[in-house]
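Trainee: I am new to this structure and would like a close look at a single part of it. Please take me through one group of paired strands and what surrounds them.

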Amino acid sequence: MDTRLTQAQLSQVIAEIDRLSQLRDNELDREQVKQILQELNLPDDLLDDAIVQLRRREALAQQNQRHKIVISTVAIMIVGLIATVAVVQQKQHNKIARIAAIQDIVTLKDSTNSVTQFDRTKDAQVFYRVTLKNPPINDRLAVSCDWLDSTGERIHQSRFQTQEITRSPWTTFCFAPLSSQSKPGNWTVKMSIAERPISEETFVVK
């Protein structure tokens, strides 16, 4: 074992020996403790029980301290998580709030022309195409469409996620089936982005 020390290491060793010496001076052996108890007219036969209780209290205090540290750490993590979620939600809300519909039409499947009347015996589907401005680029949107017949009853709901948006404006669409059982009259379709109403149109089913 190499016992050679630098001047800095020697100073540290001296400081450590001094600390240990002070600790030893502060410690009392069993006989010294018994003598003190006798001087205080206290029964020394309870010494062992008292030491056990003392050790238990010290262990309990250390355990409580560890619990407080763990609880504090968990609380800080929860607060941080809540703050992070709030920031993310606010950013998402701001993205959605900027989106607006600049054009929307009700049409047939293979057409981009607006159609105002549909024949339920001939037209199998109705499409709703909406052009959005300020959509979040390189992101996707949760879209829903509610289709209401002439009585105001929701007869179909479309829920989907758009493809990754690569440009602005951005056009998306939803559709609903028609059949001979569909009720004639004025229908309404409403589109929402992340549950926020964005546009609606009416059309006629004959």
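**Strand 7 and its surroundings**

Mentor: In this predicted model, strand 4 (residues 142-148) and strand 7 (residues 185-193) run antiparallel and are joined by 6 bridges. One pair of residues shows how they face each other: S144 stands opposite S192 of strand 7.

Strand 7 also pairs with strand 8 (residues 196-205), again in the antiparallel sense, and here there are 9 bridges. Within this pairing, T188 has T202 of strand 8 as its bridge partner. Strand 7 and strand 8 form a hairpin with 2 residues between the strands, and in that hairpin A194 takes a positive phi near 50°.

Now look at S192, which belongs to strand 7. Its relative accessibility is 12%, and because buried means under 20%, S192 counts as buried. Leaving aside residues up to four places away in sequence, S192 touches A142, V143, S144, P197 and I198. S144 thus appears twice for S192: as the residue standing opposite and as one of the contacts.

Next come the charged side chains. The structure holds 5 salt bridges. One of them joins D146 and R154, with the closest N and O atoms 3.4 Å apart. R154 has a relative accessible area of 48%, so R154 is partly exposed. Another salt bridge is formed by K183 and E153, whose closest N and O atoms are 3.9 Å apart. K183 lies in the loop between strand 6 and strand 7, while E153 lies in the loop between strand 4 and strand 5 (154-161), so this pair ties together parts that are 30 residues apart in sequence. Both ends can be seen from outside in part: K183 is partly exposed, with a relative accessible area of 37%, and E153 is partly exposed at 43% relative accessibility.

For another salt bridge, turn to helix 3 (residues 47-98), which holds both R55 and E58, 3 residues apart, about one turn of the helix. The side chains of R55 and E58 meet in a salt bridge at 3.7 Å, N to O. E58 counts as partly exposed, at 39% relative accessibility.

Finally, there is an open sheet of 3 strands in the order 1-3-6, with antiparallel pairing. Strand 1 (100-107) and strand 6 (170-177) are its edge strands, each pairing on one side only. On average, neighbouring strands of this sheet are turned by 20° against each other, direction ignored. Strand 1 and strand 3 (residues 125-133) run antiparallel and are joined by 7 bridges, and V106 stands opposite Y128 of strand 3.

Note on methods:
Residues numbered from 1 in each chain as written. Predicted model: local features only at pLDDT ≥ 70, side-chain atom pairs only at ≥ 80, totals over all residues. Heavy atoms only, no water. Pairing = 2+ DSSP bridges. Helix = DSSP H or I, 4+ residues; strand = E, 2+ residues; numbered from the N terminus. Buried < 20%, exposed > 50% of the residue type's maximum accessible area, 1.4 Å probe, protein only. Contact = heavy atoms within 4.5 Å. Axes fitted to C-alpha atoms, helices over the stretch in contact; angles between N-to-C directions. Salt bridge = Lys/Arg side-chain N within 4 Å of Asp/Glu carboxyl O.
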